[in-house]
Amino acid sequence: MLRSWRPLLPVSLLLGAAACGPSPEPAALPEGPSLVVLLVIDQLSAELLDRYAPVYEGGLRRILDAGFRFENATHDHASTVTAVGHTTLSTGVYPARHEIIGNEWFEREGDEWRSVYSMSDPDARILGHPELEGMGPANIERPGIADWIAARDPRSRIVSIAKKERSAIGLSAQATGDVYWLPETEAEFVTSDVYMSSYPDWVRDFNRTEMPVLHGATIWESIVPPALASLSRSDTSRWEFDREDTTFPHRASDHVDLSDAHALNEWRWDYTPFPDRAVVSLVLEALRALELGQRGSVDYLGIGLSQTDRIGHTFGPGSREQLDNLIRLDAELGRLFAALDDQVGPGRWVLALSADHGVLEIPEHLADTGVLAGRLTRAERGELAARIDAGSAGGVWAIREAVAELPFVAGAYTFDEIERGPPADSFAVLYSHSHSRTRVTSLAARSGVYVRYQPNFLQTNTAATTHGSPYYYDRHVPLIFLGAGIRAGVSDERVATIDVAPTLAALAGVAAPEDLDGRPIAALLGR
């Protein structure tokens, strides 16, 4: 039995009145929704959501049946990675403006380049873990919907919870509040002193009593019903994971020393569905402890669920493991939506579900179906670096011409081309939306050139598959609204992820900045 998946017993929490008790002077609830929820499922492409739709019976089934879905929603920037996607969804502006242009990037420091993690903050400290790198929103250059809500009413409560810090921090943008994430080597949620000086009792109690249960399993067994197994490919695939452990059950003992707690946590964090249940469980505690949406103010709740991404990287989107993960995710979202109805009230909350990016199927599996797909070889990556080096004496245009001749390169653009326009093609527009001269994410960009590789080809051999390209398979994501009077429906209207934050603000009656790149699309919901 997997201990992480048994039913949870109710938890009684002693709450500090000053920290999270009822408001001393309760106010009437606002006329619109009193809780705004932004839910981001990492690497949940629109195609993946549809592929496994027959298995959904819980939250994913509810949102597909009762929500309003935009089928033609995309990220309209080139850098399709986690930190970028979450921050774009929460701020309503392109990465070029919020300036989170990658999960990490290079910045000039004199004559040298230094690597910078997107959410690193050298002035911040992780509470209770001085050995961990400080994290916070110091690199985010724009406020987001959490900030807009807090500016409207100082009593509003801001909560953002995810496994990845770049998800939790990206969803809260510059706002302070209850922002928590799960470090890779630990079995407890943490935050930094950017947000608070000490953990509230409800988080301490959760970490002490619930996390050993939620994060204690050492075996991942399949719960896929045999009748539905054909929705995925065979459980045997030589291109998955380490190309040896590709079938259920997956045992931690095959990969780590079970007596090493940090290694065990890394195995769960990287290769299993378990962390998403922990995130949802902490969210449910936050709903109760902080009385979100129940105190007369409009509150904000950001939720980042990450394991679709980790399992996608390791086993691929078409894998039996991903099917199993989405069955579990469907159940977790069922728990979440039921708690929102029970504690906040039906029609008192509004939620947007989307993803930070899509993903490419494992290229070797695509090749088996006749699609031209593959990976850059070490020799090809070396040739690219050599072309960049050889062309550097002639400047950025010489580099551009040199790399554009390579057969695995589909296009190359200088920074001047990106900035001056008109754009050379639609991809140049996407690069312009992710553009920065001071923060760059690749060797070519350090020389002033963006390189677009051929579609369906990956630059990595360290994962079964990945994302990050400007192609449709990495940009096409779900966008569904649910709750607060939103009717069920489907639209093929062209919308973008920059539209999410202004739309949630409009639905909640919260003023958004006038200079956003996105637009409110609430009128399209037919409420």
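**A walk from L482 outward**

Let us start at one residue: apart from residues up to four places away in sequence, L482 touches R62, I63, A66, G67, F337, W349, V350 and L351. Keep in mind that this is a predicted model. L482 lies in strand β15. With a relative accessibility of 3%, below the 20% cut-off, L482 counts as buried. One of its contacts shows how the chain returns to itself: R62 and L482 are 420 residues apart along the chain, while 9.0 Å separates their C-alpha atoms.

Now widen the view to the strand itself. Strand β15 covers residues 479-483, and five of its five residues are buried. What does β15 pair with? Strand β10, residues 349-354, runs antiparallel to β15 and is joined to it by five bridges. Within this pairing, L479 of β15 stands opposite S354. Strand β2, residues 68-74, also pairs with β15 in the antiparallel sense, over two bridges. There, R69 has I480 in β15 as its bridge partner. As a general point to keep in mind while you look along these strands, side chains in a regular strand alternate between the two faces of the sheet.

The next stop is helix α3. This helix spans residues 59-66, and its residues G59, L60 and I63 are buried. Because the buried residues of α3 fall within an arc of 100° when seen down the axis, they line one face of the helix. In general, an α-helix has 3.6 residues a turn, so residues three or four places apart point the same way. Which elements cover the buried residues of α3? Among them are α2 (46-51), α12 (320-344), β10 and β15. I63 therefore appears twice on our walk, as a buried residue of α3 and as a contact of L482, where L482 itself counts as buried at 3% relative accessibility.

From here we can turn to the nonpolar cores. In soluble globular proteins, nonpolar side chains tend to be buried together. The largest nonpolar core in this model has 77 residues, and F189 and L333 are those with the most contacts inside it. Leaving out residues up to four places away in sequence, F189 touches I161, A162, Y180, W181, L182, Y199, F206, N207, M211, A278, V279 and L282. Another core, of 35 residues, lies apart from the largest one and includes L38, A175, L479 and A501.

Let us finish with the aromatic rings. A search of the whole structure finds 16 aromatic pairs. One of them is the tilted pair of F241 and F315, with 5.5 Å from centre to centre and 55° between the planes. This pair links distant parts of the chain, 74 residues apart: F241 is in the loop between β7 (219-220) and β8 (250-251), and F315 is in helix α11, residues 307-315. F241 is buried, with a relative accessible area of 19%, and F315 counts as buried at 1% relative accessibility. Ring pairs join both of these residues into a cluster with W220, F248 and Y271.

A further pair, F427 and Y471, is edge-to-face, with 5.3 Å from centre to centre and 70° between the planes. F427 is in helix α17, residues 426-433, while Y471 is in the loop between β14 (457-458) and α19 (472-475), 44 residues apart. Y471 counts as buried, at 9% relative accessibility. F427 has another partner too: the charged end of R452 sits over its ring, 4.0 Å from the centre. Elsewhere, R446 lies over the face of F106, at 4.6 Å from the ring centre.

Definitions and conventions: Residues are numbered from 1 along each chain as its sequence is written. This is a predicted model: local features need pLDDT of at least 70, side-chain atom pairs count only at pLDDT 80 or more; totals for chains, interfaces and linings use all residues. Side-chain values use heavy atoms; hydrogens and water are left out. Buried means under 20% relative accessible area, exposed over 50%, partly exposed in between (1.4 Å probe, protein chains only). Helices (H or I, at least four residues) and strands (E, at least two) are DSSP runs, numbered from the N terminus. Two strands pair if DSSP finds at least two bridges between them. A nonpolar core is a set of buried Ala, Val, Leu, Ile, Met, Phe, Trp, Tyr and Cys residues joined through side-chain atoms within 4.5 Å. Contact means heavy atoms within 4.5 Å. The arc is that of the directions from the helix axis to the C-beta atoms. Rings of Phe, Tyr and Trp (its six-membered ring) pair if their centres lie within 6.5 Å; planes under 30 degrees apart count as stacked, over 60 as edge-to-face and the rest as tilted. A charge sits over a ring if NZ of Lys or CZ of Arg is within 6 Å of the ring centre and within 35 degrees of the ring normal.
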